[in-house]
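Work through the exercises below with the sequence and the model at hand. Each task is followed by a solution in steps.

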Protein chains: 2
Amino acid sequence: MTTESRTTVGLLHPGDMGSAVGATVVAGGARVLWASAGRSAATRARAREAGLEDAGTLESVVQASRVIVSVVPPHGAADLARAVAQLGFRGVYVDANAVAPATAREIGRVVEAAGARFVDGGIIGPATRGTRGVTRVYLSGPGATEIAAVFGAGPLEAVVLDAPPGAASAVKMAYAGWNKGGQALLAAIRAFALAEGVDAALLAEWKISHPDLPARSERAVYDNAKKAWRFVGEMEEIARSLAAVGLPSAFHEAAREIYARLADYKDTTQPPTVEEATAKLLGPANPSSGRLRVRLRNREG
Amino acid sequence: MTTESRTTVGLLHPGDMGSAVGATVVAGGARVLWASAGRSAATRARAREAGLEDAGTLESVVQASRVIVSVVPPHGAADLARAVAQLGFRGVYVDANAVAPATAREIGRVVEAAGARFVDGGIIGPATRGTRGVTRVYLSGPGATEIAAVFGAGPLEAVVLDAPPGAASAVKMAYAGWNKGGQALLAAIRAFALAEGVDAALLAEWKISHPDLPARSERAVYDNAKKAWRFVGEMEEIARSLAAVGLPSAFHEAAREIYARLADYKDTTQPPTVEEATAKLLGPANPSSGRLRVRLRNREG
């Protein structure tokens with residue numbers, strides 16, 4: 001295959017998930033560009049490792065790419081689409097972010113106004129470069145089948161929905177709405193039980209009636225604390241998604257608040273214990289938080 | 001054992017769970033009274049079957065009982081305590097309802113002001129008269145051990161917490177906060193997926209990554225629709241419980257709304273399908289609900 005016959009794909013940006021997507025597209029046979037301008041040393045290392053080519057600036061990526069795949073935190077998805085549109089992109093723009101169907105459709109209008117085509121995407125699963133079947137990229141819109149071919153047979157499996165833009169994002173919102181929404185609820189319940197001094201009783205009850213919950217509620221804290229800052233925007237998008245069809249948005253407004261209170265763990269090297277996370281969740285101004293700290297002090301003393 | 005040496009317990013009221021509690025206390029050796037005044041034929045039948053003695057009026061129950069156990073929907077718990085206090089009850093008052101710790105403590109103050117003692121209770125599990133170990137009554141407060149003896153070794157197991165009033169209610173709120181709060185979230189997510197036309201895609205994804213969720217989300221509707229009217233007050237108590245320690249109340253405000261929209265299924269003989277419940281959850285004024293109905297019509301036609 002010559003360089004000319006290969007599809008050139010711009011990958012914006014090779015964060016944790018983005019680099020996994022990039023590696024998959026490279027495995028599918030495409031040339032994958034990224035823009036190093038303003039990105040961190042960690043991102044550079046990930047991009048190199050994934051086999052991506054540094055095009056330097058966003059403008060160079062836009063000019064050289066037939067396809068652009070956007071993989072950013074949800075609150076950055078619309079801004080990136082606008083920046084790409086302003087640079088006159090006329091290829092296929094794939095938004096693979098955790099955004100509401102309405103946000104995805106709005107992104108579609110922005111890039112289509114610049115002359116590009118739009119494919120809606122949603123990624124479900126961890127940022128893996130391992131076994132195929134663990135993580136799926138849902139795609140919807142008229143160009144979905146063409147984009148699925150770009151993903152090839154790499155670790156991330158492309159699933160084409162026979163549905164308009166918005167559908168792939170809806171699958172992602174529904175999936176994360178339960179998964180991350182439910183984990184936030186579990187973390188809140190453990191924090192409540194600790195604040196009320198009944199955590200041991202709750203864990204004993206769960207061991208009888210729901211034996212998976214003690215470990216699940218701990219993972220809800222351990223696995224999410226470091227990533228919580230990224231989930232804030234995602235919970236806002238899910239709240240908006242449910243509200244748009246007349247369902248209560250409050251589940252995910254609460255989940256947003258839980259993740260916002262854990263956002264300080266962004267750069268932590270060691271995940272917090274449930275007790276440590278609970279002190280953050282209850283907040284410094286709360287009398288229960290004071291009671292909790294007294295108990296923790298007593299235990300240490 | 002003569003009638004005189006047996007403890008007389010007033011059971012208010014023998015609904016589904018109340019009659020299971022009554023049968024357990026009867027099995028423990030106590031004489032159990034109830035008040036038929038103003039109660040339905042179904043309640044009379046349940047009380048008879050559980051071996052309870054009809055004392056006629058609330059006043060007669062209060063005068064004859066050394067212990068009163070309150071098992072009512074959460075929104076009725078405080079009113080019943082006030083009515084019993086006004087009748088001059090001076091025995092042990094057990095509130096076994098799904099109320100916030102603060103509500104339980106307020107009920108305690110009301111009955112103690114009348115000269116009674118107070119024990120806080122919380123029931124976790126189904127209304128069973130079968131195998132011991134399925135359902136537990138958590139008890140807290142100075143009289144908890146004495147009351148545990150009244151429950152004996154019947155189907156409902158009494159668990160004494162070495163903690164003040166409020167703790168038993170806190171265990172119940174935490175347990176139901178996940179259980180019923182999570183089920184409301186699952187029902188909302190299925191409704192969202194149906195409204196967006198991606199329910200089949202969500203179920204297919206769940207079958208791969210969370211194979212228990214398709215059935216769990218259906219049970220969240222089937223098992224709860226008939227009881228949803230009772231959960232409205234319980235979700236309000238859980239929202240209040242979390243807010244009291246500085247946690248977001250919005251999870252359970254949303255869950256309250258979900259159950260309120262299903263409240264019409266109170267007298268249903270057959271549980272609704274997920275699709276039927278979704279039409280209720282989205283509400284008649286919602287355009288998505290209209291879209292959903294069109295799809296259902298097409299499928300039937």
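**Exercise 1. State how far apart the two domains of chain A lie, and describe the side of domain 1 that touches domain 2.**

Solution. Step 1: taken over C-alpha atoms, the centres of domain 1 of chain A and domain 2 of chain A are separated by 30 Å. The bounds, which come from an automatic or database domain assignment, are 8-163 for domain 1 and 170-300 for domain 2. The model is predicted: local features need pLDDT of at least 70 and side-chain atom pairs pLDDT 80 or more, while totals for chains, interfaces and linings use all residues. Residues are numbered from 1 along each chain as its sequence is written, and chains are lettered from A and ligands numbered from 1 in the order in which they are written.

Step 2: count residues in contact (C-beta atoms, placed from the backbone, within 7 Å). Domain 1 of chain A gives 13 residues and domain 2 of chain A gives 13 residues.

Step 3: assign these residues to elements, which are DSSP runs numbered from the N terminus (helices H or I, at least four residues; strands E, at least two). On the domain 1 side, helix H5 (101-113) and strand E6 (117-124) of chain A are the elements that give two or more residues.

Step 4: sort by class, with Ala, Val, Leu, Ile, Met, Phe, Trp, Tyr, Cys and Pro as nonpolar, Asp, Glu, Lys and Arg as charged, and the others, Gly among them, as polar. The domain 1 side has 10 nonpolar, 3 polar and no charged residues.

**Exercise 2. Describe the side of chain B that touches chain A.**

Solution. Step 1: the contact takes 49 residues from chain B and 49 residues from chain A.

Step 2: the elements of chain B that each supply at least two residues include strand E7 (135-140), helix H7 (167-195) and helix H13 (287-300). H7(B) gives the most, with 17 residues.

Step 3: by class, this side of chain B has 32 nonpolar, 12 polar and 5 charged residues.

**Exercise 3. Find the symmetry that relates chain B to chain A.**

Solution. Step 1: superpose the copies by least squares on the C-alpha atoms of residues with pLDDT of at least 70 in both. A rotation of 180° with 0.0 Å of shift along its axis places chain B on chain A, with RMSD 0.0 Å.

Step 2: the two copies are therefore related as by a two-fold rotation axis.

Step 3: the C-alpha of Phe251(B) is the nearest to the axis in chain B, 2.1 Å from it.

Step 4: both copies use the same surface, since 100% of the contact residues of chain B recur in chain A.

Key: Two residues are in contact if their C-beta atoms, placed from the backbone, lie within 7 Å.
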